[in-house]
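Hi,

Here is the structure I promised to pass on. Have a look at it first, and then read my notes below with the picture open.

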Amino acid sequence: GKGLFTKEIEEALLAGQIDLAVHSLKDLPTDSPEGLDISAIPLREDPHDALIGTTLAQLPAGARVGTSSQRRSAQLLLLRPDLVIEPIRGNVDTRIRKVKEGQYAASLLAVAGLRRLGLEHEISQIFGTEEMCPAPGQGALAVQTRTQGEAKDICGRLDDVATRQAVTCERAMLAALGGGCQLPVGALAEAQESTLRISAIIVSPGGGRIVRATSKGDAARARELGEAVAADLLARGGSEILESLAAS
């Protein structure tokens, strides 16, 4: 559900037990609790998804691939419908170990997480955006503080304007679609001088259907651009996918 990974940390912030928190931005709900701000979004790491264990082309038919993400599993099945997708739990080290032990032939992880842990040597393949559209905010960190105080002012110096504009666009799209980080939705916005270009998808679980939309606009109006892309996705058939998910 919303805020599964962040609730206890945010409660500690509001209670004054800590002064700042660092989150993976993709895990933060799009609606921020009253009294808290995202005071900095530093320069983004690589936002793409990676396969560990082997490459997609080397996986035999029927191979077991571990991921608990509907977004990743659905897109992988569009590329290779002959694979068997199974849930995988645990931190990054645990997932790598499970692949090496042969419990899974491969697993999908974020490039950013592997690089931050010094585990980029475990990457067998990095997917392009057209193959595997990342989660909104993937690869970015969020430094969260209370809305008032010294911590907010200090952390603000870490903010990267281009990264903030890009993820603001992505998260505005997600919010317009319902705001859940578990939705099978992908988005990647990239800054090009004063403009943003966003690619976004809604995909049905099981990979049966995918709806795509792209747009370009003024980086200073990132939120409006994200909301417009969400409307485009819904109009192209994304509303039917989301309605079927809500009914299931």
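**What I found**

Strands S10 and S11 run antiparallel and are joined by nine bridges. Keep in mind as you read that this is a predicted model. One pair to look for here is threonine 195, which stands opposite aspartate 218 in S11. The hairpin made by S10 and S11 has six residues between the strands, and glycine 206 takes a positive phi there, near 95 degrees. If you are new to sheets, a handy bit of background is that strands pair through backbone hydrogen bonds, either parallel or antiparallel.

Next, go to the other sheet I looked at. Three strands form an open sheet in the order S1-S8-S2, with antiparallel pairing. Its edge strands are S1 and S2 (36-40), each of which pairs on one side only. From one strand to the next, the twist averages 40 degrees. S1 (residues 21-24) and S8 (residues 141-146) pair over four bridges, in the antiparallel sense. Two of the partners are easy to find: alanine 21 has glutamine 144 as its bridge partner in S8, and valine 22 stands opposite valine 143 in S8.

Which residues of S1 are on the covered face, and which are on the uncovered one? Ala21 and His23 make up the covered face, while Val22 and Ser24 make up the uncovered one. That fits a general pattern: in a regular strand the side chains alternate between the two faces of the sheet. Helix H1 (residues 7-14) lies across S1, S2 and S8, and runs at about 35 degrees to S8.

Now for the helices. H6 (residues 161-177) and H7 (residues 222-247) pack at an angle of about 35 degrees, and their axes are 8 Å apart. Their crossing is right-handed. On the H6 side, the residues that meet H7 include Gln165, Thr168, Cys169 and Met173. On the H7 side, Gly226, Val229, Ala230 and Leu233 are among those that meet H6. Sorted by class, the contact of H6 with H7 has 12 nonpolar, three polar and two charged residues.

These two helices also turn up in the largest nonpolar core, which has 22 residues. Met173, Leu177 and Leu233 have the most contacts inside that core. Two or more residues each come from H6, S9 (185-192), S10 (195-203), S11 (210-218) and H7. H7 gives the largest share, seven residues. Try clicking on methionine 173: leaving aside neighbours within four places in sequence, its contacts include Pro136, Val185, Ala200 and Leu233.

Two more residues are worth a click. Valine 99 lies in helix H3 (residues 92-100). Is valine 99 buried or exposed? Its relative accessible area is 11%, so valine 99 counts as buried, the cut-off being under 20%. Not counting neighbours within four places in sequence, valine 99 is in contact with Ile52, Gly53, Tyr104, Ala105, Ala106 and Ser107. Glutamine 148 is 49 residues from valine 99 in sequence and 45 Å from it in space, C-alpha to C-alpha.

The other one is isoleucine 123, found in strand S7 (residues 123-126). Beyond residues up to four places away in sequence, isoleucine 123 touches Ala50, Leu51, Ile52, Val111 and Leu114. Ile52 is therefore a name you will find in the contacts of valine 99 too. The C-alpha atoms of isoleucine 123 and arginine 157 are separated by 32 Å, with their positions 34 residues apart along the chain.

Cheers

Notes. Residues numbered from 1 in each chain as written. Predicted model: local features only at pLDDT ≥ 70, side-chain atom pairs only at ≥ 80, totals over all residues. Heavy atoms only, no water. Axes fitted to C-alpha atoms, helices over the stretch in contact; angles between N-to-C directions. Left-handed = near helix turned anticlockwise from the far one by under 90°. Contact = heavy atoms within 4.5 Å. Nonpolar A, V, L, I, M, F, W, Y, C, P; charged D, E, K, R; others polar. Core = buried A, V, L, I, M, F, W, Y, C linked by side-chain atoms within 4.5 Å. Buried < 20%, exposed > 50% of the residue type's maximum accessible area, 1.4 Å probe, protein only. Pairing = 2+ DSSP bridges.
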